[in-house]
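Biologist: I have a new model open on my screen and would like to learn how to read it. Could you take me through some features, one at a time?

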Amino acid sequence: MPSGRRDGTFSNASEPLKFLVPPTSNLSDLVASFVIKGLNTEDLVVLSGAHTIGRSHCSSFVSDRLNTPSDINGGLAAFLRGQCPADATPGGNDPTVMQDVVTPNKLDRQYYKNVISHTVLFTSDAALMTSMETARMVVENAKIPGWWEDRFEKAMVKMAGIEVKTGYQGQIRKNCRAINHY
């Protein structure tokens, strides 16, 4: 990863949330949100693979994946119903679950196998199978060793370059834990 972003003197944990597309999004909304940032459909599919690690609050998927008919695998749905309250809400009773129950702590291509087998949490993940183009990419990422990993590296670098500001007289923030004075 290139280092030395020059676009801020402080970090705010809630700021990125304003720019995330909800996990309830369909493929058209996902693609549009990526295009606005200068990314393409392949970047969308590749970067979605990051859902192979991490946890999600139940409120991010219960209402549209468990409480209404969806394509989610019945076994996963039953497991999740045992972990998540039907009325999960942010800030309330909202436990977290692993996003990838097969290899939860490994950055790997298992996510794509999960998309194919309908064992993903989010509508936005399942949406990758709703077009021939993105479904083909999902299958390639699932089946070809090294395919996803190579593309993920490139897409992460591309994403890191989104909206980088070059102000501050060419100064680079030297310490992420302190405000630099220019």
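Modeller: Happy to! Keep in mind that this is a predicted model. Let us start with Ile53, which sits in the loop between H2 and strand E1 (55-57).

Biologist: Is Ile53 buried, exposed or partly exposed?

Modeller: Ile53 has a relative accessible area of 34%. Buried would need under 20% and exposed over 50%, so Ile53 counts as partly exposed.

Biologist: Which residues is Ile53 in contact with, leaving aside its neighbours within four places in sequence?

Modeller: Those contacts are Gln99, Pro104, Asn105, Lys106 and Leu107. Take Pro104 as an example: 51 residues separate it from Ile53 along the chain, yet their C-alpha atoms are 5.4 Å apart.

Biologist: What share of the contacts in the protein chain between residues at least 6 apart in sequence join residues at least 24 apart?

Modeller: The share is 70%. As for burial, 35% of the 182 residues in the chain are buried.

Biologist: How many helices and strands does the chain have?

Modeller: There are eight helices and two strands. Read from the N terminus, their order is α-α-β-α-α-β-α-α-α-α.

Biologist: Now for a single helix. Why do residues some places apart point the same way?

Modeller: An α-helix makes a turn every 3.6 residues, so residues three or four places apart point the same way. Helix H1 (residues 27-36) is a good case: Leu27, Leu30, Ser33 and Phe34 are buried there. These residues lie on the same side of H1, because they cover an arc of only 130° around the axis.

Biologist: Which exposed residues does the face of H1 turned away from its buried side carry?

Modeller: That face has Ser28, Val35 and Ile36. The buried residues of H1, for their part, are covered by elements including helix H2 (41-48), helix H6 (123-126) and H7.

Biologist: And what should I look for at the ends of H1?

Modeller: At its start, look at Asn26, which has a side-chain oxygen within 3.1 Å of the backbone nitrogen of Ser28. After H1 comes Gly38, with a positive phi near 85°.

Biologist: Where is there a positive phi in a residue other than glycine?

Modeller: Look at His118, where phi is near 60°. This residue belongs to the loop between helix H5 (110-116) and H6, and its relative accessibility of 33% makes it partly exposed.

Biologist: Could we try the helix exercise again? Which residues of helix H4 (residues 74-83) are buried?

Modeller: In H4 they are Leu76, Ala77 and Leu80. Their arc around the axis is only 100°, so they share the same side of H4. Gly74 and Gly82, on the other side, are exposed.

Biologist: What do the buried residues of H4 pack against?

Modeller: Their partners are helix H3 (62-66) and strand E2 (96-98). While you are there, find Asn73: it caps the N-terminal end of H4, with a side-chain oxygen 2.8 Å from the backbone nitrogen of Gly75.

Biologist: Thr134 caught my eye in helix H7 (residues 132-143). Is Thr134 buried or exposed?

Modeller: Thr134 is buried, at a relative accessible area of 1%. Its side chain makes a polar contact of 2.8 Å with that of Ser131. Beyond its neighbours within four places in sequence, Thr134 touches Leu27, Thr41, Val45, Ala127 and Leu128.

Biologist: And Lys143, also in H7: is it buried or exposed?

Modeller: Lys143 is exposed, with 61% relative accessibility. Its C-alpha atom lies 9.7 Å from that of Gln110, which is 33 residues away along the chain.

Biologist: Last topic: how is empty space inside a model found?

Modeller: A probe the size of a water molecule is rolled over the atoms, and this shows where empty space is left. Here, one cavity of 30 Å³ or more is counted, and the largest cavity holds about 40 Å³ of space.

Biologist: Which residues line the largest cavity?

Modeller: The lining consists of His51, Gln99, Asp100, Tyr111, Asn114, Val120, Leu121, Phe122 and Asp125. By type, four are nonpolar, three polar and two charged. You met Gln99 earlier, as a contact of Ile53.

Note on methods: Residues are numbered from 1 along each chain as its sequence is written. This is a predicted model: local features need pLDDT of at least 70, side-chain atom pairs count only at pLDDT 80 or more; totals for chains, interfaces and linings use all residues. Side-chain values use heavy atoms; hydrogens and water are left out. Buried means under 20% relative accessible area, exposed over 50%, partly exposed in between (1.4 Å probe, protein chains only). Helices (H or I, at least four residues) and strands (E, at least two) are DSSP runs, numbered from the N terminus. The arc is that of the directions from the helix axis to the C-beta atoms. Contact means heavy atoms within 4.5 Å. A polar contact is a pair of N or O atoms within 3.5 Å; within protein, one must be able to donate a hydrogen and the other to accept it, and residues adjacent in sequence count only if both atoms are side-chain atoms. On a 1 Å grid over the protein atoms alone, a cavity is a set of points where a 1.4 Å probe fits but cannot get out, and a pocket is an open set with protein on both sides within 12 Å along at least five of seven lines; lining residues have an atom within 4 Å of a point. Grid points are joined across faces, edges and corners, and a volume is the space filled by probe spheres set on the points. Ala, Val, Leu, Ile, Met, Phe, Trp, Tyr, Cys and Pro count as nonpolar, Asp, Glu, Lys and Arg as charged, and the others, Gly among them, as polar.
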